[in-house]
Amino acid sequence: MNTKQIIPSDEELTAFIDGELAAEEAARIETMVNEDESVAERVEFLSRASLPFEQAFAPLLAEAPRQKLQTMLAAIPAANSTKSGSALAFASRRHFLGALAASLIAGIAIDRAFIGIGRGFSARDENSEWRAVVADYISLYTPETLAGPVPARDVQADQLGSLDEKLGLSLSPEAVSLPGIDFKRALLLQYDGKPLAQIAYLDPETGPMALCIVRSDAGPKAPDLESRKDMNVVYWSNGTHAFMLIGHAAADRMTAIADGVRERVDA
C-alpha cells in the first residue's frame, strides 16, 4: 500500500538547514528536496543564510560587546559532523544569528547595514520575494531600534532627498507622513542590485512600521493585503515603482494608512 510522503514543516526544514537533524531524517528531507520542486523552493526560501548578511552586519558586530557575543555563541551547540553535507553547508548561520542577536541587545541599529540580495533564489515572483526579504529584515526591529527624537522637517527632507536620484521618485516629508506615527529615518538599501528605499516609523501603539519602495516595471497593481512574520503588509504598485507598508497594526488600520500614503505619493 502506497503512502503519501508528508511535506516537512518549516520548523523541520529550518532544522535541516541548520544541521540539527539526525542523519536519517536529514537524508529523508534531502531526498525530498531533490525530488519535489515545492520542497526545494521552500528550502531555498528558508536558507537565506547564503545571502551576505554576515558581511553586511560585520561593522555592527565589531561594535558589539565581545564578551556578550562569546557568551551567547558558546551557548549554541555546534552542528554534529555526522549530519547531512547539505545541512552542514548552512551550519554557520545559527552562530551568526546568535551574534546578531547580541548586537541587537547591545542597542546597535542594524538598519545601517547594506542588504545585498543575490540571485540564487527563484525570481518566479519577484514582487513576492522582495516583500519576504523586507519582512525578514523588519521583523528584527524593536521599539528600541527606533528610539530617539523625531528628526526635524529639514532633516527628514534631506534624508528623503538622498533617495530621489537613485529611486527616481521625489518624496516630501508631507507625502510620507503617517497620522499619529513618528517618522524616524529614511535609508537607501539595495535589493537584487536595485535601490530600495526604507522609511522607518515608530507607532506608539504597535511599534516599528516601515514604508519600502523599489523601482518596478511590472505595471500598476491595486493595493492588496498579506501577513508576513506576524506583521500586516499592504502592497501596491504604479507604473514605475512597487510599494509596501509593513507593521504590527491591525489590518484595517494598515490599509487606511496605506491608502493615505498612496494618494499623496501618486499625486
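1. In this predicted model, the side chains of arginine 153 and glutamate 174 form a salt bridge, with N and O 2.7 Å apart. The pair connects distant parts of the chain: arginine 153 belongs to helix H9, glutamate 174 lies in the loop between H9 and S1, and 21 residues separate them. Arginine 153 has a relative accessibility of 47% and therefore counts as partly exposed. Glutamate 174, with a relative accessible area of 41%, is likewise partly exposed.

2. The count of salt bridges comes to eight. Another of them joins glutamate 226 and arginine 228 through their side chains, at 2.7 Å from N to O. Glutamate 226 counts as buried because its relative accessibility is 17%, under the 20% limit. Arginine 228 is buried as well, with a relative accessible area of 16%. These two residues are linked with Arg131 in a network of salt bridges. As general background, side chains of opposite charge can pair when their charged atoms come close.

3. A further salt bridge connects arginine 28 with glutamate 25, where the closest N and O atoms are 2.6 Å apart. How far apart are arginine 28 and glutamate 25 in helix H2? The two are three residues apart, so about one helical turn separates them. Arginine 28 is partly exposed at 30% relative accessibility, and glutamate 25 is partly exposed with a relative accessible area of 25%.

4. Helix H2 (residues 23-35) also packs against helix H3 (residues 37-46): their axes come within 5 Å and cross at roughly 110°. The two helices are therefore roughly perpendicular to each other, as the range for that description is 65 to 115 degrees. On the H2 side the contact involves Met32, Val33 and Glu35, which meet Glu37, Val39, Ala40 and Val43 of H3. By class, the residues of this contact are five nonpolar, no polar and two charged.

5. The strands merit separate comment. Six of them make up an open sheet in the order S1-S2-S3-S6-S5-S4, and the pairing is antiparallel. Which strands form the edges? They are strand S1 (182-191) and strand S4 (221-228), each of which pairs on one side only. From one strand to the next, the twist averages 20°. In general, strands of a sheet pair through backbone hydrogen bonds, either parallel or antiparallel.

6. At the S1 edge, S1 and S2 run antiparallel and are joined by nine bridges. Within this pairing, glutamine 190 stands opposite proline 195 in S2. The hairpin of S1 and S2 has two residues between the strands, and aspartate 192 there adopts a positive phi near 50°. Aspartate 192 is not glycine, which deserves a remark. Most residues other than glycine have a negative phi. Aspartate 192 is found in the loop between S1 and S2 and is buried, with a relative accessible area of 16%.

7. Strand S2 pairs with S3 in the antiparallel sense over eight bridges. Leucine 202 has proline 208 in S3 as its bridge partner. S2 and S3 also form a hairpin, with three residues between them. How is S2 placed with respect to the surface, covered or open? S2 is mostly covered, since nine of its 10 residues are buried.

8. At the S4 edge, six bridges join S4 to strand S5 (residues 231-237), and the two run antiparallel. Lysine 221 has serine 237 in S5 as its bridge partner. Helix H10 (residues 251-266) packs on the sheet, touching S2, S3, S4, S5 and S6, and its direction makes about 30° with that of S5.

9. The loop between S4 and S5 contains aspartate 230, a residue other than glycine whose phi is positive, near 65°. Is aspartate 230 buried or exposed? With 74% relative accessibility, aspartate 230 counts as exposed. Aspartate 192, by its relative accessible area of 16%, is buried.

Notes:
Residues are numbered from 1 along each chain as its sequence is written. This is a predicted model: local features need pLDDT of at least 70, side-chain atom pairs count only at pLDDT 80 or more; totals for chains, interfaces and linings use all residues. Side-chain values use heavy atoms; hydrogens and water are left out. Axes are lines fitted to C-alpha atoms, for helices over the stretch in contact, and angles run from 0 to 180 degrees between N-to-C directions. Helices (H or I, at least four residues) and strands (E, at least two) are DSSP runs, numbered from the N terminus. Angles under 35 degrees count as roughly parallel, over 145 as roughly antiparallel, 65 to 115 as roughly perpendicular and the rest as oblique. Contact means heavy atoms within 4.5 Å. Ala, Val, Leu, Ile, Met, Phe, Trp, Tyr, Cys and Pro count as nonpolar, Asp, Glu, Lys and Arg as charged, and the others, Gly among them, as polar. Two strands pair if DSSP finds at least two bridges between them. A salt bridge is a side-chain nitrogen of Lys or Arg within 4 Å of a carboxyl oxygen of Asp or Glu. Buried means under 20% relative accessible area, exposed over 50%, partly exposed in between (1.4 Å probe, protein chains only).
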